[in-house]
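Me: Could you take a close look at one part of this chain for me? I'd like to hear how its leucines sit, and what is around them.

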Amino acid sequence: IYGIKAAAIMTVVSEFIQGTFYFYFVHKNITNFNFLPLFLKPLLASLTMGLFLWPIKNQALLISLPVGALVYFLMLVFTGFLTKTDYYTFKSMLRA
């Protein structure tokens, strides 16, 4: 009745709620895991990607999708979230 936008919003809301309970459970029952430092760099990459994509939001998906992926990837590298170890791990996975 509300369409695809409402479905997308509810998916994000439900994933956020599920993630909150998951991290609470892990913190309480398994290990004292501080996920905030791991959360901030991808959040910054996402916000930067959004800033780059906003001006071209009406362009074709064939333009905006590669631009968004490239900006997000470069931000993960520049913030130090992705390291050389990640690169070598990914490279070795492609050879297998």
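Reply: Leu36 comes out as partly exposed, because its relative accessibility is 46%. Keep in mind that this is a predicted model. Leu36 belongs to helix α2, a helix that covers residues 36–53. Leu36 also has company at the surface: together with Phe33, Phe35, Leu38, Phe39, Leu40, Leu43 and Leu47 it makes up a nonpolar patch. Taken together, those residues offer about 720 Å² of accessible area.

Now for Leu51, which is in helix α2 too. Leu51 has 66% relative accessibility, so it counts as exposed, the cut-off for that being over 50%. As for where Leu51 stands relative to a residue further along, its C-alpha is 9.7 Å from that of Gly68, with the two positions 17 residues apart in chain numbering.

Then there's Leu53, again a helix α2 residue. Its relative accessibility is 21%, so Leu53 is classed as partly exposed; buried would require a value under 20%. What does Leu53 touch, leaving aside residues up to four places away in sequence? The partners are Ser64, Val67 and Gly68. Gly68 therefore turns up twice in this story: as a contact of Leu53, and as the residue whose C-alpha lies 9.7 Å from that of Leu51, itself exposed at 66%. Leu53 can also be placed against Leu70: these two are 17 residues apart along the chain, and their C-alpha atoms are separated by 11 Å.

Terms used. Residues are numbered from 1 along each chain as its sequence is written. This is a predicted model: local features need pLDDT of at least 70, side-chain atom pairs count only at pLDDT 80 or more; totals for chains, interfaces and linings use all residues. Side-chain values use heavy atoms; hydrogens and water are left out. Helices (H or I, at least four residues) and strands (E, at least two) are DSSP runs, numbered from the N terminus. Buried means under 20% relative accessible area, exposed over 50%, partly exposed in between (1.4 Å probe, protein chains only). Patches are made of residues with over 30% relative accessible area and no salt bridge: like charges are joined within 9 Å, nonpolar side chains (Val, Leu, Ile, Met, Phe, Trp, Tyr) within 5 Å. Accessible areas come from the Shrake-Rupley method with a 1.4 Å probe; for residues, only the protein chains shown count as cover. A salt bridge is a side-chain nitrogen of Lys or Arg within 4 Å of a carboxyl oxygen of Asp or Glu. Contact means heavy atoms within 4.5 Å.
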